[in-house]
Amino acid sequence: MRRREFLYDGLAGACTLAFAKPSAPKAISSVDSRIEILIGESLGTISPDIYGHFTENLGGVVYDGMWVGENSKVPNIDGIRMKLIEEMRKIKAPVVRYPGGCFADSYDWRDGIGPADKRPRRTNFWSDGEESGAPTSHKYDPNQFGTNEFVHFCKLIGAQPYLAANVRSLSAGEFYRWVEYCNSPAGATTLADIRAAAGYVEPFNVRFWGVGNESWGCGGDFTPQEYAIEFRRFTTWVPHYGQRLFFIASGPNVDDWNWTRGFFEEILRKGRSPLRSIYGIALHHYAWNVSRGRTQDWVQGKGDALKFDAVEWYELLREGERMESLINGHWHIMGEADPSHAVKLIVDEWGPWYRPGSEVTPGDQLEQVPTLRDAVFSGMTLDIFNRHPEKVAMANCAQLINCLNSLYLAHEDKFCVTPVGHVFAMYAAHQGGQAVRTMFSAPTISYDRDGKPAAFWGLQGSASLHDKDLVLTVVNPAIRDPREAEIVIRDARIKVVAGTTLTHPDIHAHNTFERKEEVSPQTKPLPVSSGTLTHTFPPASVSSLVLTLA
Ligand code: AHR
């Protein structure tokens, strides 16, 4: 018996098709689903930046993950892990956020510039959570990776840097000076000279600036009103050196509607002009509670990254799919203050968060091993962003490497792409496309949630148009049942299709340093008949279809 069947059968009647007639025998092959793509109904342009990343100076993200040092035996470009650079080029990484997270509101950017051997060692924000055996560089920041190295990394991979400023423990003046260091013209200021002395004569022209992080919590424990006042002060009359600055306000935690409403009310207290300077408000949502409603406790509610049953598979996806209602809910509230919606949503932290225990490198705080479940979760989340292009201007998966929902795992000379990394590669083709309305109809999944019936949708996804090419991504979350779908393009015929699928017979499957290809996408041409396509989406899968239209 395959592992998946075993799990299913252990659920005492879970996962029955909601619409199946009780006595009807299951057909050997039958179309049970339909995907209709309305290419004439554009939802807006998909911002490439929703495929963004997040790198915090936390655990093994920076030291070991990104930065190995120029003298390392690990192949590197100017101290940055070469394999990481190569992989990120492949996925067309558009933007990377740094240095935090909570770390940002303890960070003095001046510690990370100037000659490497003169940079101070500082206590890392996360040091108290580090195990006694954790590498020293995780507890005490050696500051070998700072602004120059980060911006250089972004240039090497072709991404925009997104810097998060310290609002809790540095002044607004220090924020202006960081902008000056990054963006003032060559030779114009003392800070530009210091930048040039490090080899960076030309300005970095950093456009994305986060004003604090989680200011309702680790970023200062502000009320939304208090934070709005800080935000106004930090962003008023910042020198911009000809570079438009896109300020991103620290936004709500999950469904804290009060934060969004309170922030905008206070921002507007002195008139509407501050609205012009806010590019976006940052929403954070982690899926962590798989307790089936038993607890809201941050520790007790979490599950294991690798060991989970079928109910936990669906529970995690349910937590993750809240993203769509969070986007709609906060957008609605933002519209009360900003009816023309000048301000966008920036989801700059998202992903599943499990309890400790799956770290591939002991001492890598918050490191977890992504499985097929996280690939399905990530595909589902990216599809949600694709379906709301007018609302979501940027999103940053937490976090890039050796952390939560990582695309890559690395330790010393070992490196692998996780199933999440493969999903980002499969979805890259959506970037910059016209999102088009797409309707999915598929049997609902029913499962037993500790004696109570629970349901989850059968198929979901998104589609985008790129001239004559249509990119369709689809998630089948059912752990057992394939879905055979008729794919219909309203007002067009399909000429050619290439299909890429990521799945595995074991829902717990993941990649390791030893078995790097355990979960890897398979691409093949798909047969088109009379301009239409019928395709089977395997259970527990993420698919990406590129359709050339006639
Ligand atoms: O991503 C880990 C942490 O989660 C970040 O530092 C913080 O912003 C969030 O609470």
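**Helix packing, ligand shell and backbone outliers**

In this predicted model, α2 and α4 are oblique to each other.

Student: At what angle do helix α2 and helix α4 pack?
Tutor: Helix α2 covers residues 82-90, and helix α4 covers residues 147-157. Their axes are 8 Å apart. Angles of 65 to 115 degrees would count as roughly perpendicular, and those under 35 as roughly parallel. The two helices are oblique, therefore in neither class, and their angle is about 50 degrees.

Student: Which residues of α4 make the contact with α2?
Tutor: On the α2 side, the contact uses Leu-84, Ile-85, Met-88 and Arg-89. By class, the contact has six nonpolar, no polar and one charged residues. The α4 side supplies Phe-153, Leu-156 and Ile-157.

Student: Which residues come nearest to the ligand?
Tutor: There are 13 residues around the ligand. By class, this shell has seven nonpolar, three polar and three charged residues. Those that come nearest are Glu-56, Cys-102, Glu-214, Tyr-286 and Glu-349.

Student: Which residue has a polar backbone atom 2.9 Å from an oxygen atom of the ligand?
Tutor: Look at the side-chain pairs too. In Glu-349, a side-chain N or O atom is 2.8 Å from a ligand oxygen. In Gln-399, a side-chain N or O atom is 3.0 Å from a ligand oxygen. The backbone partner at 2.9 Å is Cys-102.

Student: What percentage of the ligand's exposed area does the protein bury?
Tutor: Start with the ligand taken alone. It then exposes 280 Å². The share buried by the protein is 94%.

Student: What is omega for the cis peptide bond that leads to Gln-399?
Tutor: Gln-399 is found in the loop between β13 (392-398) and β14 (408-411). Its side chain also has an N or O atom 3.0 Å from a ligand oxygen. The cis bond runs from Ala-398 to Gln-399, with omega near -10 degrees.

Student: In which loop is Gly-101 found?
Tutor: The peptide bond from Gly-100 to Gly-101 is cis. Its omega is near 15 degrees. Gly-101 sits in the loop between β5 (95-98) and β6 (122-123).

Student: Which residue has a positive phi although it is not a glycine?
Tutor: Search the loop between β19 (460-466) and β20 (469-476). The phi in question is about 55 degrees. The residue is Asp-467.

Note on methods: Residues are numbered from 1 along each chain as its sequence is written. This is a predicted model: local features need pLDDT of at least 70, side-chain atom pairs count only at pLDDT 80 or more; totals for chains, interfaces and linings use all residues. Side-chain values use heavy atoms; hydrogens and water are left out. Axes are lines fitted to C-alpha atoms, for helices over the stretch in contact, and angles run from 0 to 180 degrees between N-to-C directions. Helices (H or I, at least four residues) and strands (E, at least two) are DSSP runs, numbered from the N terminus. Angles under 35 degrees count as roughly parallel, over 145 as roughly antiparallel, 65 to 115 as roughly perpendicular and the rest as oblique. Contact means heavy atoms within 4.5 Å. Ala, Val, Leu, Ile, Met, Phe, Trp, Tyr, Cys and Pro count as nonpolar, Asp, Glu, Lys and Arg as charged, and the others, Gly among them, as polar. A residue is near a molecule or strand if one of its heavy atoms lies within 4 Å of it. A polar contact is a pair of N or O atoms within 3.5 Å; within protein, one must be able to donate a hydrogen and the other to accept it, and residues adjacent in sequence count only if both atoms are side-chain atoms. Accessible areas come from the Shrake-Rupley method with a 1.4 Å probe; for residues, only the protein chains shown count as cover.
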